[in-house]
Amino acid sequence: MHKIFSFGFWNSIARLILRNRIIIILAIIVATVLLSTQWKYMRFSYTEANLMPDDHEVNKVYNSFLDKFGEEGNLILLGVKDSSLFTPEKFKAWNKLTDTLQTFPEVDHVISPASLMELKKFEDPKRFEMVPVITEKNPDATELKDFENRLFTSMPFYENLVYSGHSNTIQSALYLNKELVNTKARKIFVLEELDPIIEKFEQEQGIDVRVSGMPYIRTLNSQNIVNEIGYFILAALLVTSLIFFFFFRSFRATLISMVTVCIGVMWAFGVIGLLNYEITILTALIPPLIIVIGIPNCIFLINKYQQEIQKHGNQAKSLQRVIAKVGNATLMTNLTTASGFATFILTDSELLKQFGVVASINIIAIFVLSLLIIPVIYSYLRPPKTRHLRHLNKKWIGAFVDWMEKMVRHHRIAIYITAISLLVASIIGIYTIKISGSMLEDMPEEAQFFQDVKFFESEFEGVMPLEILVDTKRPNGVLKLSTLRRIEELENYIAEIPELSNPISVTRLVKYTKQAYYNGNPKYYQLPSSQERNFIMPYAKNMDTGDGLLKAYVDSTGQYARITTYMQDVGTDKMEKIEENMMPQIEKIFPKEGYEVQLTGKALLFQKGTNYLVKNLIISLGLAILLIAGLMAWMFRSFKMILISLVPNLLPLLVTAGLMGYLGVAIKPSTILVFSIAFGISVDDTIHFLAKYRQELKVNNWKIKRSVYAALRETGVSMFYTSIVLFFGFSVFMISSFGGTVALGGLVSATLLFAMLANLLLLPSLLLSLERNIANKQVMKEPAMKIIETEEDDEELDKNETNNS
């Protein structure tokens with residue numbers, strides 16, 4: 001019954017496609033045009049990817065922090081390590097630069113050496129006021145030298161804000177408008193206004209300016225992602241077309257395939273826009289991914305068409321049989337690949353969900369496009385000539401198949417020893433893998449902004465904010481002397497951690513008031529005693545700091561305090577140890593009955609998000625394995641065959657994981673994707689082989705050896721073709737400037753190569769060695785779906801074609 005449904009169904013589909021060619025062409029054109037109108041809705045991400053769901057506890061704490069203090073990642077830093085800056089000409093130019101930047105609406109205010117204010121005590125009436133450190137508009141060399149000495153020796157308030165605590169490096173801080181920092185305006189400001197101004201200053205003054213800060217890093221990193229999409233698409237098209245032409249030696253076949261996958265890419269962008277998704281480092285991979293996955297579909301269909309032409313020379317008959325015979329095979333292989341990606345939808349990460357939705361939809365879409373475009377276009381062209389069919393009888397492919405058969409026939413023990421050795425070595429390697437939550441690790445190391453980050457890490461201990469939120473549980477509790485002393489004690493502890501910078505909090509301002517009370521003497525830069533506080537209070541009562549430091553670090557109720565430290569890009573493992581050591585110290589300094597203290601900030605958010613994402617990706621891989629195993633169980637109706645078929649697909653994943661351990665490639669969002677992608681693709685070869693094997697068993701009266709060798713010869717060539725295309729196609733990602741994308745490309749390519757060898761050597765060896773357990777009709781039941789055609793099906797198609805004509 002299912003046999004009639006299976007080939008009868010696909011035969012009907014074939015007739016429907018070939019009888020409605022004009023309608024299909026018009027439908028594809030209309031769909032492509034409509035989807036292209038959605039490109040304008042594609043959004044480029046202006047914030048860090050939120051790796052956790054909104055209702056996750058870590059996100060709740062972070063959002064609570066933002067409600068009280070606003071956006072924290074709004075600081076752009078301009079650093080200079082050049083003593084010539086304190087000469088009149090250079091200093092004037094720097095002053096002009098910061099004044100110019102202050103005029104932009106995206107910039108709230110600027111803290112710069114040229115415009116520094118100091119806290120001064122006045123007696124009538126008693127008050128503190130912020131007054132300019134440099135009173136002259138154009139200071140001379142002597143005044144600048146005096147200012148330089150004062151800055152580095154007498155103004156501890158500005159340490160790590162304006163100057164480095166262990167070198168003569170100075171920096172200016174641009175505080176961006178919190179309403180604009182996560183919008184397109186930030187991108188325009190950074191790329192079209194800030195960068196050109198800095199570049200012009202460097203050329204005119206001969207001073208190297210380092211630029212960093214989270215808004216700057218995010219902008220340039222996002223721009224790199226956007227730039228690479230085009231490179232990936234062009235490179236994927238070039239590589240796959242060259243390989244395709246090498247196999248088929250036909251410009252016509254190559255051009256048809258390129259048209260098919262290019263339409264697939266256009267649809268991919270349209271789907272992203274239609275769903276109003278952002279372009280992230282994951283969704284940016286989808287268009288080239290569609291090319292790499294779509295080309296094997298084209299190879300399979302065109303190869304089958306040419307085989308049919310070679311067999312009987314009838315073009316109409318060949319085109320109909322391509323669809324009727326290959327329909328199930330290509331559908332099931334694309335379904336398994338799409339299933340591998342679709343499991344990401346079941347995770348709690350919005351980033352992975354979007355990637356899974358777009359990838360799975362477009363994999364099915366490229367299957368539909370291939371099945372429609374290739375037969376329709378070929379129907380308008382002349383049949384291929386003899387020279388176009390020569391590749392079907394290439395001797396070197398025959399030599400490769402002979403080698404495989406020889407290995408399986410005579411060297412099965414060697415195959416098993418090699419597989420077991422690889423398994424043991426891989427398990428050892430897996431134990432050395434580390435999880436990485438480094439925010440910068442995947443960014444291009446040769447990029448200037450990456451080098452600038454390293455500069456600020458060495459001079460100012462980091463640029464990634466780690467925030468500590470202190471809840472005193474009572475209004476105005478922050479400014480109590482006991483609370484301030486606890487904050488200072490925690491700051492002293494943080495200052496001893498090498499990976500963290502000296503913290504910034506309200507204690508800086510309180511210490512500065514005492515220094516100002518003692519006429520600017522730096523040895524009095526410390527918290528006042530209870531008695532001193534009484535003396536200072538009349539001066540501080542109506543104080544306005546000018547730069548809003550009190551407002552930035554104490555909320556409007558006085559109940560919440562914020563302590564900000566900047567962290568080096570240390571990665572997940574070190575970050576976890578820092579947090580693990582810090583929390584007991586925090587609980588000791590701030591008793592739970594009087595205070596509630598929480599860690600948050602972008603640095604911590606990213607670290608927690610990475611761990612969360614890795615956990616979700618491991619779950620999605622498990623789901624992919626179960627889902628694909630379920631599909632195969634439904635298709636082949638044999639539990640034993642499922643277990644055997646999983647071995648050659650799981651072994652390459654373990655080998656790749658072991659390789660990651662030995663090469664020092666950490667588990668992170670980009671590399672964990674390798675396993676789900678590779679498993680979903682590599683299992684296609686297994687389906688093809690087992691389907692052919694099952695068919696050969698019936699033809700050869702359940703003789704295992706003959707069936708295995710026949711299946712190996714029949715499927716080996718197509719497996720080799722598609723695996724080579726996939727190998728070089730995924731290798732394209734290795735041209736990326738992002739370390740994670742390079743690792744993804746290299747690891748997927750390696751995994752698919754291992755998978756091809758496992759399916760061509762290990763799988764047939766297992767079938768031969770376990771023949772007594774699986775060589776019977778009870779184990780190899782009639783499959784639920786026909787994957788590969790038989791001679792009986794050819795006769796059935798001939799009969800249907802005769803009746804229809």
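A residue is classed as buried when its relative accessible area is under 20%, as exposed when that area is over 50%, and as partly exposed in between. In this predicted model, Cys298 has a relative accessibility of 0% and is therefore buried. Cys262, by contrast, is partly exposed, its relative accessible area being 31%. The structure contains zero disulfides.

Charged side chains were examined next. In total, 12 salt bridges are present in the structure. One of them joins Glu129 to Arg127, with an N to O distance of 2.6 Å. Both partners fall in the intermediate class of accessibility: Glu129 is partly exposed at 33%, and Arg127 is likewise partly exposed, with a relative accessible area of 23%.

A salt bridge is also formed by the side chains of Glu467 and Arg562, with an N to O distance of 3.1 Å. Glu467 belongs to strand 9 (residues 464-471) and Arg562 to strand 10 (residues 560-567), so this pair ties together parts that lie 95 residues apart in sequence. The carboxylate partner, Glu467, has a relative accessibility of 0% and is therefore buried. Arg562 is buried as well, because its relative accessibility of 8% is under the 20% limit.

A salt bridge between helices is found for Lys514 and Glu532, whose closest N and O atoms are 2.8 Å apart. This pair links distant parts of the chain, with Lys514 in helix 16 (residues 506-517) and Glu532 in helix 17 (residues 530-540), 18 residues apart. Lys514 is buried, having a relative accessible area of 3%. Glu532, at 15% relative accessibility, also counts as buried, since this value is under 20%. In addition, Asp208, Arg210 and Asp452 are joined into one network by salt bridges that share partners.

Positive charge is also found on the surface. Lys92, Lys96, Lys137 and Lys200 gather there in a patch of positive charge. Within this group, Lys96 is located in helix 4, which spans residues 88-102. The relative accessible area of Lys96 is 61%, so this residue is classed as exposed. Lysine side chains thus appear in both settings, with Lys96 exposed in the surface patch and Lys514 buried in a salt bridge with Glu532.

Key
Residues numbered from 1 in each chain as written. Predicted model: local features only at pLDDT ≥ 70, side-chain atom pairs only at ≥ 80, totals over all residues. Heavy atoms only, no water. Disulfide = S-S within 2.5 Å. Buried < 20%, exposed > 50% of the residue type's maximum accessible area, 1.4 Å probe, protein only. Patch = residues over 30% accessible without salt bridge, like charges linked within 9 Å, V, L, I, M, F, W, Y side chains within 5 Å. Areas by Shrake-Rupley, 256 points an atom, 1.4 Å probe, with all protein chains shown as cover. Salt bridge = Lys/Arg side-chain N within 4 Å of Asp/Glu carboxyl O. Lys, Arg positive; Asp, Glu negative; His and termini not counted. Charge placed at Lys NZ, Arg CZ, Asp CG, Glu CD. Helix = DSSP H or I, 4+ residues; strand = E, 2+ residues; numbered from the N terminus.
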